[in-house]
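Visitor: Please take one part of this model and go through it closely, in plain terms. I would like to know what it packs against, and then what lies elsewhere in the chain.

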Amino acid sequence: MNEHAVVIAGGGPAGMMLAAELALAKVDVAIVEQRPDHVLVGSRAGGFHSRTIEVLDQRGVADRFLAEGQVSQVASFGRTVLDMSDFPTRHPYSLGIWQNEIERIMAAWIAELAVPIHYGREVTGFAQDDTGVGVDLSGDRSLRAQYLVGCDGGRSGIRKAAGIDFPGSDPTISNLIAEVEMTETPELGIHRTALGIHSFGRTEYQIVDGKIVYADHGPIGVLVTEQHVGATAEPTLRDLSEALIAACGTDYGVHSPTSISRFTDAARQAASYRKGRVLIAGDAAHVHPPDGGQGLQTGVQDAVNLGWKLAQVVKGTSPESLLDTYHAERHPVAARVLRNTMASVALRRPDERTKALRDTIAELLGMDEPHKHFAAMMSGLDIHYDLGEGHPLLGRRMPDLDLVTANGPLRVFTLLHDARPVLLHLGEPGGFDITPWADRVQSIDGKYAGTWELPAIGTVAAPTAVLIRPDGYVAWVGDLAQPGLADELTTWLGPPAAA
């Protein structure tokens with residue numbers, strides 16, 4: 001029986017991001033993936049919003065994705081695109097990149113980090129005890145781990161076997177999404193009928209002056225609303241043809257599908273993200289309509305929140321109670337995503353009353369403050385973990401400032417490449433003695449002369465010192481001479497080392 005500190009069920013973006021986080025922390029982690037490799041059939045959905053790009057930048061790999069995709073202003077709510085080009089971030093845009101490319105790049109990254117992947121296997125059962133989890137795999141294989149994390153999708157077998165409830169709403173709309181060839185070329189773009197939305201677009205495209213310009217050949221991506229809700233079998237070419245005929249009066253000679261899948265507007269969220277030594281992340285913890293392209297973002301950011309905490313617990317530097325903050329922080333974030341996607345689905349309805357509401361919302365989002373508020377929400381830049389009262393930075397993402405240090409200029413995000421926390425001192429050198437935590441936190445003296453500005457909040461007072469967690473969120477703001485820093489270091493990084 002192979003033993004690992006952590007076993008991750010599911011090798012999608014959330015699972016691979018979690019594996020990378022644990023590997024950077026020198027934790028022995030393995031992935032169990034039922035597919036034979038990471039070659040994803042079809043382009044699928046994809047893309048990253050601003051905060052997810054920042055998260056990848058914190059690990060020094062954002063450029064790998066930026067080189068393969070196209071930046072544009074596509075964050076939206078309802079039908080309103082939310083331009084965030086003036087936001088205070090190094091990445092004030094979204095990145096158009098298909099999921100098959102995302103997974104290819106991520107798989108190469110975790111290969112560099114020497115993460116083993118058990119391809120062609122799936123978890124068939126597990127049993128927890130006081131010291132770990134025995135994990136049964138298909139093919140009469142088994143693994144042993146201190147913790148098991150289910151990143152195995154919306155139908156998560158890990159979540160179900162752990163007995164974690166998954167409350168929410170049943171679907172009212174069903175859509176097919178496919179990559180196909182067509183004998184006749186449909187009118188590209190988004191269309192609305194009494195049945196619902198359907199759209200067509202070449203999978204090859206460019207962004208020119210902020211607009212999508214499709215290639216004049218190649219596969220066509222199709223999205224179409226089905227007449228009926230409730231199908232559970234894998235969708236077929238016949239299902240797609242029938243849906244197109246019902247929506248458009250023709251199926252355009254659809255043939256040679258690369259991929260066909262179904263999604264609905266069901267919205268569900270796990271009642272708990274942890275059951276003993278079993279945790280869940282990504283779609284295993286929350287499913288919702290794809291409006292706004294927030295699912296992949298939320299899953300990747302779940303992984304970044306969980307990874308460093310799980311690493312510290314596995315290493316014994318922090319108590320197991322640190323894992324409780326994973327649910328406490330991430331559950332409200334996903335609940336908000338469920339709320340805004342359900343609202344967006346309601347705005348999709350084709351009737352005249354909903355059209356009037358859509359127009360009203362669009363007018364509202366044309367105003368400066370609502371526009372900033374929703375752009376920050378949809379991009380993930382406004383995420384705020386409740387860490388108590390204090391400076392506006394507390395619980396929010398640390399800006400990627402250009403610092404001046406004794407060793408030269410330094411970007412804040414470069415300090416997070418190894419997923420280690422940072423105590424950044426911006427006042428006069430000296431002060432708090434970091435020695436009891438010196439093996440766990442970097443202490444940096446620096447200067448920043450510019451304005452401190454947060455998305456949707458605006459200018460805030462310059463702090464004297466900040467404690468930045470490995471996930472890039474600020475855990476403490478203050479003066480090194482003030483009491484309280486030792487308590488926060490203990491809370492997030494474990495008790496001080498004995499003298």
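Guide: What follows starts with one helix and its two helical neighbours, then turns to the cores and some loop residues.

This is a predicted model, in which local features need pLDDT of at least 70 and side-chain atom pairs count only at pLDDT 80 or more, while totals for chains, interfaces and linings use all residues. Residues are numbered from 1 along each chain as its sequence is written, and side-chain values use heavy atoms, with hydrogens and water left out.

The part chosen is helix H8, residues 324-348; helices (H or I, at least four residues) and strands (E, at least two) are DSSP runs numbered from the N terminus. Glu-329 sits in H8 and is buried, at a relative accessible area of 7% (buried is under 20%, exposed over 50%, partly exposed in between, with a 1.4 Å probe and protein chains only). The side chain of Glu-329 makes a polar contact of 2.8 Å with that of Asn-305. Such a contact is a pair of N or O atoms within 3.5 Å; within protein, one must be able to donate a hydrogen and the other to accept it, and residues adjacent in sequence count only if both atoms are side-chain atoms. Beyond four places in sequence, Glu-329 is in contact (heavy atoms within 4.5 Å) with Asn-305, Lys-309, Tyr-385, Leu-387, Arg-469 and Trp-492.

Asn-305 and Lys-309 belong to H7, and they are part of its contact with H8. The axes of H7 and H8 lie 10 Å apart at an angle of about 170° (axes are lines fitted to C-alpha atoms, for helices over the stretch in contact, and angles run from 0 to 180 degrees between N-to-C directions). That makes the two helices roughly antiparallel; angles under 35 degrees count as roughly parallel, over 145 as roughly antiparallel, 65 to 115 as roughly perpendicular and the rest as oblique. On the H8 side, the contact includes Thr-325, Tyr-326, Glu-329 and Arg-330. By class, this contact has 4 nonpolar, 4 polar and 4 charged residues (Ala, Val, Leu, Ile, Met, Phe, Trp, Tyr, Cys and Pro count as nonpolar, Asp, Glu, Lys and Arg as charged, and the others, Gly among them, as polar).

H8 also meets helix H9, residues 352-365, with axes that come within 8 Å and cross at roughly 125°. H8 and H9 are therefore oblique to each other. Ala-346, Leu-347 and Arg-348 of H8 touch Thr-354, Leu-357, Arg-358 and Ile-361 of H9. Here the division is 4 nonpolar, 1 polar and 2 charged.

Next, the cores. The largest nonpolar core has 86 residues, of which Val-6, Ile-8, Phe-65 and Leu-310 touch the most other members; a core is a set of buried Ala, Val, Leu, Ile, Met, Phe, Trp, Tyr and Cys residues joined through side-chain atoms within 4.5 Å. H7 (residues 295-315) gives this core its largest share, 10 residues. Val-6 touches Leu-310 and Val-314, among others. A second, separate core of 19 residues includes Leu-393, Met-398, Leu-416 and Val-466.

Finally, the loops. Ala-419, between strands S25 and S26, has a positive phi near 60° and is buried at 11%. Ala-456, between strands S28 and S29, has a positive phi of about 70° but is partly exposed at 35%.
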